[in-house]
Amino acid sequence: MAIRTAGKLFKDLIRQRVISTPIGPSRHCSSAATSAPKIPHSSKKGRRLLTGATIGLVIAGGAYVSTVDEATFCGWLFSATKLVNPFFALLDAEKAHTLAVSAAARGWVPREKRPDPPNLGLEVWGRKFSNPVGLAAGFDKNAEAVEGLLGMGFGFVEVGSVTPVPQEGNLKPRIFRLRQEGAIINRCGFNSEGIVAVAKRLGAQHGKRKLETSSTSSPSNDEAKHGGKAGPGILGVNLGKNKSSEDAAADYVQGVHTLSQYADYLVINVSSPNTPGLRMLQGRKQLKDLVKRVQAARDEMQWGEEGPPPLLVKIAPDLSKEDLEDIAAVAVALRLDGLIISNTTISRPDPVDKNPVSAEAGGLSGKPLFDLSTNILKEMYMLTRGKIPLIGCGGISSGEDAYKKIRAGATLVQLYTAFAYGGPALIPQIKAELAECLERDGFKSIHEAVGADCR
């Protein structure tokens, strides 16, 4: 009865909001060319929709919370966010993205109170992850919502890509939905507020999280390694180069000097298809020279007992066998701490190629990328002989997908497009399904399953 009453209150409130909000002309950014819903004319109206939805959830939650325990209510709250997803779909893709980041930054998202399944915990780079499911770079480009995103239950969150100097990126529209295919095409081009703005924001968040953690617990030496530098949850910082920069290595070095003190790991992004010439840095000589310079910049800094943050490289899925062999050779020779596989693709695999939106320039992410990125992941795992931790990224939309990435060689996995479509409710769903997959096949931990399909 309480759930039905809460749902009615929520729907009535949202209906009033939608009716009272004028609707402007729509912008084509999805696969529905004829019956696409009209979108609000300004981001302010989008915020009103979100505020109305949030108020509705609060009212509904108030009617429900007094009758259940915290864990049950937490589960209900995550499920209730599905009611908000249709309203984000009414907005232009980039406005919806901006609004989602703003909501997480303001704490208008559910907070996970339930412990993760024990078989999902693992240790990588001397850090204990409560689960291997992370959020990929590109969602929170400017580190606005780290606390809110980690609070939703991700094992780790990667911010960026961050460029040394602020830049607008490419002209809008630059994000296009292919909803039926569960995909997105973007050509944002490293739109970034720059490392100074991001450093200020990370510094403030770092201090706040560390203070809260120290005031609520006094960990032993063993427990101190749990989570990241500032508390529970691991934070990655993804570094990019400015479009106009002639010395790419100098841009990455600047990012290391300014942001590495807040990062639990760093990523050199040399694989975005939306910055001219960037992918050429994946060549054997270019990558070797770049990694050496960035490693030297990191290692020359002063570090405490924990040492410098691990350094990873994010690669493209559009690579030949020879390209992969070159990258693997560099990674092993220079003892790179990890590889992220993969970024978006410039290809248009079936069924995307039949969608008119596929003609838009940019990188494709989402379900159609899954097979391509997983095959590259498996190939790289075998080339590096399992010596280097790999993060599987590309097309994950279920726990079974995450499990397939792990069996192909991934130690950790990342979401993006499926999270953009599915919202917060997808996180606990994927974790629960992944735990079931491990148990079903007799694996007691993530580590036992890593590379199982390559043995």
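Before the strands, one term: two strands count as paired if DSSP finds at least two bridges between them. Strand S3, residues 133–135, has two bridges to S4, and the two run parallel. So by that cut-off of at least two bridges they are a pair.

What you have in front of you is a predicted model. I'll stay with S3 and S4 for a moment. In this pairing, Gly134 stands opposite Phe156 of S4. The connection between the two strands includes helix H6, residues 146–151; S3, H6 and S4 together make a β-α-β unit, and that unit is right-handed.

Now S4 itself, residues 156–162. Is it buried or exposed? Mostly covered: seven of its seven residues are buried.

On to the next neighbour. S4 also pairs with strand S7, residues 234–239, in the parallel sense, this time over five bridges. Here Glu158 stands opposite Gly236 in S7.

As general background, strands of a sheet pair through backbone hydrogen bonds, either parallel or antiparallel.

Where do these pairs lead? Into a barrel that eight strands close, with parallel pairing. The order is S3-S4-S7-S8-S9-S10-S12-S13. From one strand to the next, the twist averages 25°.

One more pair from that order. Strand S12, residues 390–393, pairs with strand S13, residues 412–415. The sense is parallel and there are three bridges. Ile391 stands opposite Leu412 in S13.

To recap the bridge counts: S3 to S4 has two, S4 to S7 has five, and S12 to S13 has three. That's it from me.

Conventions: Residues are numbered from 1 along each chain as its sequence is written. This is a predicted model: local features need pLDDT of at least 70, side-chain atom pairs count only at pLDDT 80 or more; totals for chains, interfaces and linings use all residues. Side-chain values use heavy atoms; hydrogens and water are left out. Helices (H or I, at least four residues) and strands (E, at least two) are DSSP runs, numbered from the N terminus. Axes are lines fitted to C-alpha atoms, for helices over the stretch in contact, and angles run from 0 to 180 degrees between N-to-C directions. Buried means under 20% relative accessible area, exposed over 50%, partly exposed in between (1.4 Å probe, protein chains only). A crossover is right-handed if, with the strands pointing away from the viewer, the path from the first strand over the helix to the second runs clockwise.
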